[in-house]
Amino acid sequence: MTLIIVIVVIAIIVGIYVALYNSLVQLRVHAQESWSQIDVQLQRRNDLIPNLVSTVKGYSKYEASTLEKVTQLRTALNNVPDDDRAQKMEVSNQLSGTLKTLFAVSENYPDLKASTEYQQLMEELSNTENKIAYARQLYNSTVAALDTKIQSFPSNIIAKIHHFTAMDYLQVPETAKEVPHVSFDD
């Protein structure tokens with residue numbers, strides 16, 4: 001009878017151990033998958049940029065520096081190593097800011113704004129930026145769940161044994177947190 005109790009207790013402990021380990025693995029895989037969704041959307045945006053640059057270039061001869069900056073940042077983003085997530089997000093944020101500048105500059109060119117191709121590209125880029133924002137949010141939520149599990153008892157013991165480590169959140173750049181200066185004088 002004692003042997004049966006010992007076997008049952010060991011089976012329960014092993015079952016809990018396996019369940020906790022599997023949940024850690026599942027959360028880590030979800031975090032990696034959510035990061036890959038960010039990568040997919042960044043690549044989608046990068047694929048749209050050459051079309052946007054060539055469309056804008058045809059209308060605005062005086063905005064060469066902005067177009068050049070967009071192209072440089074796109075190239076820089078492609079050259080960031082896949083495992084350097086912080087650098088990838090920093091360059092991506094710079095590219096988003098430069099694209100906003102390009103969109104603002106286009107306001108000075110009514111023919112460009114009226115172009116069907118430009119409108120379609122703007123809509124696709126806007127949708128892609130929204131998908132990037134959603135993917136970042138999903139990534140941070142998944143990382144939060146993983147980090148919580150890694151730090152919570154008893155899964156923290158299993159996490160330590162199997163070298164699970166906390167993942168970094170994607171941060172909003174400090175410049176994006178600044179309150180914009182608004183002037184009502186025109």
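Here are some exercises with worked solutions on the structure above, which is a predicted model.

**Exercise 1. The overall plan**

Task: Work out how many helices and strands the protein has, and how they follow one another.

Solution:
- Start by counting the elements: there are 7 helices and 0 strands.
- Next, read along the sequence, and the pattern is α-α-α-α-α-α-α.
- Now turn to burial: of the 186 residues in the protein, 33% are buried.
- Finally, take the contacts between residues at least 6 apart in sequence: 77% of these join residues at least 24 apart.

**Exercise 2. The two sides of helix 2**

Task: Check whether the span of helix 2 agrees or disagrees with its number of residues, then find where its buried residues fall.

Solution:
- Helix 2 covers residues 64-79, which makes 16 residues.
- At 1.5 Å a residue, the expected span takes one less than the number of residues, and for helix 2 it comes to 22 Å.
- The end C-alpha atoms of helix 2 are 22 Å apart, so the two values agree.
- Now list the buried residues of helix 2: T66, L67, V70, L73 and L77.
- Looking down the axis of helix 2, you will find these buried residues within an arc of 125°, so they line one face of the helix.
- On the other side of helix 2 sit S65 and N79, which are exposed.

**Exercise 3. A threonine facing helix 2**

Task: Decide whether T98 is buried or exposed, and say which residues it touches.

Solution:
- First, place the residue: T98 is in helix 3.
- Its relative accessible area is 10%. Buried means under 20%, so T98 is buried.
- Leaving out residues up to four places away in sequence, T98 touches T66, K69, V70 and L73.
- Compare this with Exercise 2: T66, V70 and L73 are among the buried residues of helix 2.

**Exercise 4. Two residues and their distant partners**

Task: Classify L52 and E124 as buried, partly exposed or exposed, and find their contacts.

Solution:
- L52 belongs to helix 1, which covers residues 2-59.
- With a relative accessible area of 0%, L52 is buried.
- Setting aside neighbours within four places in sequence, L52 is in contact with L99, L102, F103, Y118, L121 and L125.
- L52 and M122 are 70 residues apart along the chain, while their C-alpha atoms are separated by 8.1 Å.
- E124 lies in helix 5.
- The relative accessibility of E124 is 32%, so E124 counts as partly exposed.
- Beyond its neighbours within four places in sequence, E124 is in contact with R44 and L48.
- From C-alpha to C-alpha, E124 and R44 are 9.5 Å apart in space, although their positions lie 80 residues apart in sequence numbering.

**Exercise 5. A pocket and one of its lining residues**

Task: Describe the lining of the second largest pocket, then look at R85.

Solution:
- The volume of the second largest pocket is about 180 Å³.
- Its lining is made of R85, A86, M89, E90, N93, Y139, D168, Y169, L170 and Q171.
- Sort these by class, and you get 5 nonpolar, 2 polar and 3 charged residues.
- Helix 3 (residues 85-106) gives the largest share of the lining, 5 residues.
- R85 is found in helix 3, and its relative accessible area of 24% makes it partly exposed.
- Apart from residues up to four places away in sequence, R85 touches W35, Y139 and M167.
- The C-alpha atoms of R85 and Y169 are 9.7 Å apart in space, and the two residues are 84 apart in sequence.

**Exercise 6. Unusual backbone geometry**

Task: Find out what is notable about the peptide bond from F153 to P154, and about the phi of H163.

Solution:
- Begin with the usual case: most residues other than glycine have a negative phi, and most peptide bonds are trans.
- The peptide bond from F153 to P154 is cis, with omega near 5°.
- P154 is placed in the loop between helix 5 and helix 6.
- H163 has a positive phi of about 60°, yet it is not a glycine.
- H163 lies in the loop between helix 6 and helix 7.
- At a relative accessible area of 64%, H163 is exposed.

Methods:
Residues numbered from 1 in each chain as written. Predicted model: local features only at pLDDT ≥ 70, side-chain atom pairs only at ≥ 80, totals over all residues. Heavy atoms only, no water. 1 Å grid on protein atoms, 1.4 Å probe; cavity = no way out; pocket = protein on both sides within 12 Å on 5 of 7 lines; lining within 4 Å. Points joined across faces, edges and corners; volume = space filled by probe spheres on them. Helix = DSSP H or I, 4+ residues; strand = E, 2+ residues; numbered from the N terminus. Nonpolar A, V, L, I, M, F, W, Y, C, P; charged D, E, K, R; others polar. Buried < 20%, exposed > 50% of the residue type's maximum accessible area, 1.4 Å probe, protein only. Contact = heavy atoms within 4.5 Å. Arc of directions from axis to C-beta.
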